[in-house]
Amino acid sequence: MKDKENEKYCGNCSYHNAYEYPSKVFCTYRLVKGLNPVVSTLWRCENWTPAMDKCFCIEDAKKQSRST
Ligand code: SF4
Ligand SMILES: [Zn+2]
C-alpha cells in the first residue's frame with residue numbers, strides 16, 4: 001500500500017524546520033555536520049528520519065510546484 005506516510009522527504013523528516021515556507025526547509029542535521037542547512041522540502045538525504053509531528057510542508061510544497 002502506497003500512501004503519504006511512506007513518502008520520504010525533508011518535509012517529513014524529524015530534522016527539518018521551517019525556513020522559506022513551503023519550498024525550502026532548514027535541516028538541523030546538516031547544520032551540525034557543517035553543511036548548508038537549507039534544502040528543498042521535496043528533497044531528502046540518506047539520514048532521513050521520520051518526523052513525530054505532522055506538518056503541511058510537503059503538501060504545500062507540492063501545491064506550490066504545481067501552480068508555478
Ligand atoms: S537533509 Fe536529510 S536529515 Fe536533513 S531534513 Fe532532509 S532528509 Fe532530513
Ligand atoms: Zn514541516
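**Entry 1: a proline in a loop**

Where does Pro22 lie? I looked it up, and Pro22 sits in the loop that links strand E1 (16–20) to strand E2 (24–27). I should jot down early that this is a predicted model. I then checked the peptide bond leading from Tyr21 into Pro22, and it is cis, with omega near 0°. I noted beside it that most peptide bonds are trans.

**Entry 2: the whole chain**

Next I stepped back to the chain. I found two helices and three strands. Read from the N terminus, the order of the elements is β-β-α-β-α. The radius of gyration is 12 Å, close to the 11 Å that the globule rule gives for 68 residues, so the chain is as compact as a globular protein of that length. I also looked up the span of the C-alpha trace along its principal axes, which is about 30 × 30 × 20 Å.

How much of the chain counts as buried? I got 21% of the 68 residues. I then turned to contacts between residues at least 6 apart in sequence, and 49% of them join residues at least 24 apart.

**Entry 3: the strands**

I went through the strand pairing step by step. E1 and E2 run antiparallel and are joined by four bridges. They make a hairpin, with three residues between the two strands. For single bridges, I found Asn17 partnered with Phe26 of E2, and Ala18 partnered with Val25 of E2.

E2 also pairs with E3, again antiparallel, through three bridges. Here Phe26 turns up once more: its bridge partner in E3 is Val38. I reminded myself that side chains in a regular strand alternate between the two faces of the sheet.

**Entry 4: Ser23 in the hairpin loop**

Back to the loop between E1 and E2, where I picked out Ser23. Ser23 has 16 other C-beta atoms within 10 Å, so it counts as partly exposed. I listed what Ser23 touches beyond four places in sequence: Ser40, Thr41, Ala61 and Gln64. I also looked up a distance to Pro50, which is 27 residues from Ser23 along the chain, and the two C-alpha atoms are 19 Å apart.

**Entry 5: the nonpolar core**

Which residues make up the largest nonpolar core? I wrote down eight: Cys10, Cys13, Tyr15, Val25, Cys27, Val39, Cys57 and Ala61. E2 and H2 are the elements that give two or more residues to this core. In soluble globular proteins, nonpolar side chains tend to be buried together.

I followed two core members further. Val25, leaving out neighbours within four places in sequence, is in contact with nine residues I could tick off: Cys10, Gly11, His16, Asn17, Ala18, Tyr19, Val39, Thr41 and Cys57. Val39 belongs to strand E3. Is Val39 buried or exposed? Val39 is buried, because it has 23 C-beta neighbours inside 10 Å and the cut-off for buried is 20 or more. With the same kind of sequence neighbours left out, Val39 contacts Cys10, Lys24, Val25, Cys27 and Arg30. I also noted that Val39 and Glu20, 19 residues apart along the chain, have C-alpha atoms separated by 9.6 Å.

**Entry 6: around ligand 1**

I moved on to ligand 1. The residues around it are Cys10, Cys13, Tyr15, His16, Cys27, Tyr29, Arg30, Val39, Arg44, Cys45, Asn47 and Trp48. Sorting this shell by type, I got eight nonpolar, two polar and two charged residues. Cys10, Cys13, Tyr15, Cys27 and Val39 are names I had already written down for the core.

**Entry 7: Phe56 and Arg66**

Where is Phe56? I found Phe56 in the loop between strand E3 (38–40) and helix H2 (57–67). Phe56 counts as exposed, because it has 11 C-beta neighbours inside 10 Å and exposed means 12 or fewer. Its C-alpha atom is 9.8 Å from that of Tyr21, although the two are 35 residues apart in sequence. That is the Tyr21 of the cis bond in my first entry.

My last stop was Arg66, in helix H2. Arg66 has 7 C-beta neighbours inside 10 Å, so it also counts as exposed. Between Arg66 and Thr28, which are 38 residues apart along the chain, the C-alpha separation is 28 Å.

Terms used:
Residues are numbered from 1 along each chain as its sequence is written. Chains are lettered from A and ligands numbered from 1 in the order in which they are written. This is a predicted model: local features need pLDDT of at least 70, side-chain atom pairs count only at pLDDT 80 or more; totals for chains, interfaces and linings use all residues. A residue is near a molecule or strand if its C-beta atom, placed from the backbone, lies within 6 Å of it. Ala, Val, Leu, Ile, Met, Phe, Trp, Tyr, Cys and Pro count as nonpolar, Asp, Glu, Lys and Arg as charged, and the others, Gly among them, as polar. The radius of gyration is taken over C-alpha atoms; the globule rule is 2.2 Å times the number of residues to the power 0.38. Two residues are in contact if their C-beta atoms, placed from the backbone, lie within 7 Å. A nonpolar core is a set of buried Ala, Val, Leu, Ile, Met, Phe, Trp, Tyr and Cys residues joined through C-beta atoms within 7 Å. Two strands pair if DSSP finds at least two bridges between them.
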